Amino acid sequence: MADDEPTTSRRTFLKFAGGTTAAAAVAGCAGGDQGGAQETTTGAETTTGAETTTAGNETTGSEETTSGGEASREALLQQANQLLHDQAPWVFLNRQYSVYGVSSNVEWTGRRDERIDGYAIQPQGDSSEVTITQSQMDSGLDPHDHRETPTDNIVLQAYEGVLARDAEGKVINQLATDYQRVEDGVVEFTLQDGVTFHEGGDLTAEDVAFSINRIVQEDVGGLASPQSDQLAGVTGAEAPDDSTVRVMSDGINPTVFAVFATYCDVMKRSWVEENDGAYINTHMNGTGPFRLANYQEGVEVVYERNEEYWGDPAPAQGLTIKSASESSTRVNQLLSGETDIAVNVPPQDVNRVRNADNASLTAVPSTRVLFNAMRYDVEPFSSQQFRQAMNLAIDLDSIIENVLQGFAAPTGQPTLEGFVGYNPDVNPYPQDVERAQQLVEESGHAGVSITLQTPVGRYLKDVEIAQAVANQINQLSNVNCELEQREFQALVGEITTGNIEDKPPFYLIGWGNATFDASQTIIPLVTTGGALTTFENEQVDQLMERAQSMGGEPNGN
Amino acid sequence: MLSPRSLRNLKRELSRSALAKTGIALVVLVVGVAALAPLVAPHDPTAQNLDDAQLPPLGFSETENSTTTEVVDGEVQIVNETTTINATAEHPLGTDSLGRDMLSRVVYGARTSLLVGVLGTFIAGGIGVTVGLVAGYYRGRVDDALMRSADVMLAFPSLVLAIALVGLWGRAAYRIPDPFVLLGITPDMPASFVLPGTVVVVVGLVNWVWFARVARGEALSIREQEYVKAARAVGASDARIIARHVLPNALTPILVLGTIQIAAIVLLESALSFLGFSGTTLSWGFDIAQGRDYLASAWWISTIPGVAIVLAVIGINLVGDWLRDALDPDIEGEGGGV
Amino acid sequence: MSLARFLLKRGLQGVFVVWGVVTVVFLLRFITPGDPISVIAPLDASPATRQAIAAELGLNRPLYVQYLDYLVGLLQGDMGYSYISNTSASARVFARLPATLELAVAATLVAVVLSIPLGVLSATNRNEPVDYGATTFSLVGISTPNFWLGIMLVLLFAVEFGVFKTSGRGITSARALSALATGNLDVFVSWLTYITLPAITLGTYFTALITRLTRSGMLDELGSAYVRATRAKGLPETLVRYRHALRNTLIPVVTVLGLQLGTLIGGAVITEAVFAWPGLGTLVINSITGRDWVVLQGSLIVIGVGFVLINLVVDALYAYLDPRVVSD
């Protein structure tokens, strides 16, 4: 990877990453729920595909550690979280809450994974037309060619996977009636009968196998899908008969069902092969409860109910998804009856929604954590004392109370409460300016100037949180901290090249992980070789290796 | 550069026009505030105080419902608290969402607006006047080529071209040490001022056409004047004639246009900052954008910087009107707005 | 010179300007730091995609070949393929064009309908309250950033009173007008609730500017020897004012309008941003923040060509108002 020419070095990296996938899959074999469902919210931050190719990563490459566990997997993950709290690779910030405004014309409750399932929306009263306003529109309708939550919310009204998750995150059947492990690295799904695509034709095992291959194999389906790493470990699929899909993985791949519960939208093979990319990106032909009625790129997507849906028809007759990037605009739309669900109601507008007689609020803790990454390989962040000092410098409670008006929870470890591996004994860092200054002094970096980079408008109050953090660090007598605002796409471009050297030394970013498992946060972000890693520590690596080589549930849950 | 007659006209126009007086007063106020910002601002405009966030301006104390949350069974429960938020004399124009003093931000915002406005106008004027004088002086093909390229520039709306250029080039910013802080007069104020460098260059690049058109018109008529012909007859070089004879005699309309252009560029800068295409966060347009999310809960965050822009631009426009009425150059309709 | 020849000459100049616009836009790709592929390819593009893009654009070919290729493509209506949004740039740009035209026309209508009577009224009632009112309005109008005006209008009329819509376009004007024709008033009114605030926001600067120009033009004309002469001939004062003075006043007004078209389009960009109006302006901003340079290039070309075309219309109007320009 020591190639100076950018394009080539990237290619080299990919080759390298590809080579490690096998090892990753082997080592990840018994890793419970991991690997798979790093889900759409993950994609939202990382957007790009290539980087997370290593999500499994080479950390976990050695098989002999498989035997190495007296401690439970959960205990190992908890240890890792304790260690990471002490090592402080990040300035730990807040867990985001998803806050939705819901009009009195519909009944709906928010999901933890940020998806908005139109099928679950119950229209009340006369009208059965439902409108949703989110912050952005799609980046094209090809369900295999994106990694963003807004696009997911749009394509998933029409497309479905073999498995799905209920609102609590449990794995359930969707197009499959049954799934089972046949042998190490091979699983089979049995498909329902009588499922048809919107533009005609029955769902066949061949379509499902094709969809899987289109994601994981670069030369299938006219697309090198950025989602290939989301189906971590999966190498391909085939259809031994009309209703059976056989999925092959490298190694045991214990998380394969969890993966399919979150990813892999099923497309019709013949439809994909007969149409070009521009067509597939402006049309939808899925099996879902809604079919596309009108697509205005970048403006709105209109659906009508799929009357031939294999399940009960959706309660809503029509569905429209539009966008407004300004949060106040979304709230105005909700209150003036222009929309039924407003995504991400900002804290300052919470009471407008609650006090309105035509709308109410639903809020759930999301699976997304915000943090400031600090590159361990550059000064001053190479010093553990300095990194701890940064955590001690900030008043997280005040930020949550005043900037986010309580709509967030403080964190002190990479893993969120309620996840496998969350360590309940680890508390968020308290603010202690004296101690922080002392630690900076001890680190030998007194008087240093640092710059925090933040995306603008990507996360709830991102700039304001970053401004508060930079300001509080700046209050230390011996550190000078400035803020640089970045275009999200440009920042992400640097973070996701796969080279730690390309990343800014100090930046704010969010990470969503709907697998409810610590591994999908820790491995990609803070282990050696992780796709987006800014931190390497042998002890953490070893703990994660051991955890990932231990058994998971046979059904992926 | 201004003839005694012009000066007399300026004085006469000033004495009889209340609008001209108002304009000069506004401009003096804005320039004074910008120059003496560290002395005028009551607080560091970047200093946050989260406990004092969203304080209303004096006279607008209000009762507000704030919220806290707790998680019960995975659902976020919201707890209401009713509090009265009192305006304080410490923050006469209130505070923004991070508790920064609005008055101080407005004061420092004047610096950004004026500096970008004046520097951008100099860049635009430098390019435009050079192009215009050369085109008008040489006429013929040179004129055609230059003025057609000016037409091409005109076909791109300046705002559109400006955001495209800032988007392509990035948002470079330069820190200029603040003399008041450097000399220890106001040690609590920001030590340096952030000049959005890319924006300065870009607003100059997209606005030169107006100067070119005016300068060309002047050069076309001046080149036929006897003194130019005389200079040419004694063998003076073209460059010398343009610099010594054409330019000085074309200055009046350029001066008037330059004044109007400052107003246009102040508006353009605010639009760029509003859209997030700037290198500084201490700008009126930026604060308006920040306040958009708080329109329903803290209307003043967007409103106050907007009033500041309007007053500053009115002042500059009134001064421009005064110059135009007194000096009477023919430049109707040149210069853009946002 | 006949009118036809005059317009032909202007048309040829327009073609030249369009060529210049296209050339500048083509070159934009090269003024950015980094290699051209990084400008066009998605950030996460695989090496294969990058190679495909490089091959398709022929980035290894000499510049002039690429340039000619681009020109030929444009002549066929092909603005290139956006690898970021996976669509052809032309499709995206032309899908957005009607909304912007609609907004610009509405704003121009607002401006012309309000400003010319106001300017005339102001001039014929000089130094009376109506004149002071009009002068103050036009001064404030040309000094107010329209994005801020838009936000204030939203604050007042949408947030406080809930009268108008805060964002979006609703239905197209064509549908709204046909609803009006068939007597379906509800639909038409609903359309009005969408377009009113954006049209006022965009139109205010021009209303103010034209009011100002009309006022000063009328004052000049009413004091001119020509008007005094017609008045002396015993023509009714209304005829003098509206037939002669106003017609002459409109000439500089039309000139300025032509010159300020860029401001109108630039204003539309930011007005669209405030009201989430799905036009070219939001497309331009989104394509810059999304690094979608192919779409940006397409938008710039359409804006430039639109500018040239509308200027031709202005020229024709100008020639009609003041036949002297044709023989100029």
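The following questions and answers walk through chains B and C of a predicted model.

Trainee: How many helices and strands does the secondary structure of chain C come to?
Mentor: Before counting, it helps to picture the extent of the chain, whose C-alpha trace spans about 80 × 55 × 40 Å along its principal axes. Of its 328 residues, 48% count as buried. The secondary structure of chain C comes to 14 helices and 2 strands.

Trainee: In chain B, what share of the contacts with a separation of 6 or more comes from residues 24 or more positions apart?
Mentor: Chain B has 13 helices and 4 strands, and its C-alpha atoms fill a box of roughly 90 × 45 × 40 Å along the principal axes. Buried residues make up 54% of its 338 residues. Among contacts in chain B with a separation of 6 or more, the share from residues 24 or more positions apart is 77%.

Trainee: Which helix of chain B gives the most to the side that touches chain C?
Mentor: In this interface, 38 residues of chain B are in contact with 45 residues of chain C. At least two residues each are supplied to the chain B side by helix 5 (140-154), helix 6 (158-169), helix 11 (238-274), helix 12 (284-292) and helix 13 (300-327). The one that gives the most, with 8 residues, is helix 13 of chain B.

Trainee: How many nonpolar, polar and charged residues does the side of chain B that touches chain C have?
Mentor: The residues to be sorted are those of chain B in contact with chain C, and they number 38. By class, this side of chain B has 23 nonpolar, 11 polar and 4 charged residues.

Trainee: Why are helix 10 of chain B and helix 11 of chain B described as roughly antiparallel to each other?
Mentor: The axes of helix 10 (residues 226-233) of chain B and helix 11 of chain B come within 10 Å, and they cross at roughly 155°. An angle over 145 degrees counts as roughly antiparallel, and therefore helix 10 of chain B and helix 11 of chain B are roughly antiparallel to each other.

Trainee: Which residues in helix 11 of chain B are met by residues in helix 10 of chain B?
Mentor: The two helices pass each other in a right-handed crossing. On the helix 10 side of chain B, the residues are Tyr227(B), Val228(B), Ala231(B) and Arg232(B), and in helix 11 of chain B they meet Ile241(B), His245(B) and Val246(B).

Trainee: What is the handedness of the crossing where helix 5 of chain C passes helix 14 of chain C?
Mentor: The axes of helix 5 (residues 89-124) of chain C and helix 14 (residues 293-321) of chain C come within 9 Å and cross at roughly 50°. Helix 5 of chain C and helix 14 of chain C are therefore oblique to each other. Residues in the contact include Ala89(C) and Leu97(C) of helix 5 of chain C, as well as Val294(C) and Gly298(C) of helix 14 of chain C. Helix 5 of chain C passes helix 14 of chain C in a crossing that is right-handed.

Trainee: Does Gly73(C) count as buried, exposed or partly exposed, and why?
Mentor: Gly73(C) lies in helix 4 (residues 63-75) of chain C, and leaving aside residues up to four places away in sequence, Gly73(C) touches Asp78(C) and Gly80(C). A residue is buried with 20 or more other C-beta atoms within 10 Å and exposed with 12 or fewer. Because Gly73(C) has 14 C-beta neighbours inside 10 Å, Gly73(C) counts as partly exposed.

Terms used
Residues numbered from 1 in each chain as written. Chains lettered and ligands numbered in written order. Predicted model: local features only at pLDDT ≥ 70, side-chain atom pairs only at ≥ 80, totals over all residues. Axes fitted to C-alpha atoms, helices over the stretch in contact; angles between N-to-C directions. Parallel < 35°, antiparallel > 145°, perpendicular 65-115°, else oblique. Left-handed = near helix turned anticlockwise from the far one by under 90°. Contact = placed C-beta atoms within 7 Å. Nonpolar A, V, L, I, M, F, W, Y, C, P; charged D, E, K, R; others polar.
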